[in-house]
Amino acid sequence: MIGLTKTTARELARRGITANAVAPGYIEFDMTKKDLPNNPCENCGICCLSFSLPPFDANELVRASDDLLRQVDDYAHSARYQDSNPCLWLDLDSGKCRHHESRPFLCRWFEPGWAACNDLRVKAGLPILE
Ligand code: SF4
Ligand code: SF4
C-alpha cells in the first residue's frame, strides 16, 4: 500500500494532485497500555543518526511550512551539520525525535524490528528486536 501510494504520488504530482496514505502506528490507550512493552526506540535512536535532515520526500517538502524549510536550510549550513550526521530533529540527550508528531513519512514507515532496524542495531552492538 505504501509503495502504491508513493508511485501514485510521483505520477500525479506534476498535475498538482497529492496522494496520501494514512498509516497510524501503534495507538496507546487504556486497554493496551498494560500490554505495551517498553518502547524499543527509547534509548536507541540509531536510525535517526543515519540522516542529517528529517528525510522528507519532495511531496512533503512542497507542503512544508516556511519555518520548517528555514530550519532545514539553517541546519544545512551549520557547524553541527558539517561535523556529524544526527538528524536535525534528534534530541541527543533523550534519543527522541523533537517533532515526533510531524516526522516524515519515511520515519513512520521505518518500524522497530524490521530488517533495516535490526541491521543498524547489530552494528551498534544492541540486541535485535523480534
Ligand atoms: S526503529 Fe529501530 S533503529 Fe530506529 S530507533 Fe527504533 S529500535 Fe532504534
Ligand atoms: S525526523 Fe525525527 S524520527 Fe525522523 S530521522 Fe529525524 S529525529 Fe528521527
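**View 1. Arg121, a buried arginine without a salt bridge.** In this predicted model, Arg121 is buried and yet forms no salt bridge. Which side chain of opposite charge is nearest to Arg121? That is Glu130, and it sits 9.9 Å away. A salt bridge needs a side-chain nitrogen within 4 Å of a carboxyl oxygen. To find Arg121 in the structure, look in helix H7, which covers residues 115-123.

**View 2. The contacts of Arg121.** Leaving aside residues up to four places away in sequence, Arg121 touches Pro40, Cys44 and Ile46, along with Leu126, Pro127, Ile128 and Leu129. One of these residues, Cys44, is partly exposed, because its relative accessible area is 22%.

**View 3. The residues around ligand 2.** Have a look at who lines up here: Cys48, Phe51, Pro54, Cys87, Trp89, Leu90, Cys97, Pro104 and Cys107 surround ligand 2. How does this shell divide into nonpolar, polar and charged residues? Nine are nonpolar, while no polar and no charged residues take part. Is Cys97, a member of this shell, buried or partly exposed? Cys97 has a relative accessible area of 26%, so it counts as partly exposed.

**View 4. Cysteines and disulfides.** A disulfide is a covalent bond that joins the sulfur atoms of two cysteines. How many disulfides are counted in this model? The count is zero.

**View 5. Ala76 and Ser52.** Ala76 belongs to helix H4, made of residues 66-76. Ala76 counts as partly exposed because its relative accessibility is 23%. Although Ala76 and Ser52 are 24 residues apart in sequence, their C-alpha atoms are 8.2 Å apart in space.

Conventions
Residues numbered from 1 in each chain as written. Chains lettered and ligands numbered in written order. Predicted model: local features only at pLDDT ≥ 70, side-chain atom pairs only at ≥ 80, totals over all residues. Heavy atoms only, no water. Near = heavy atom within 4 Å. Nonpolar A, V, L, I, M, F, W, Y, C, P; charged D, E, K, R; others polar. Helix = DSSP H or I, 4+ residues; strand = E, 2+ residues; numbered from the N terminus. Buried < 20%, exposed > 50% of the residue type's maximum accessible area, 1.4 Å probe, protein only. Lys, Arg positive; Asp, Glu negative; His and termini not counted. Contact = heavy atoms within 4.5 Å. Disulfide = S-S within 2.5 Å.
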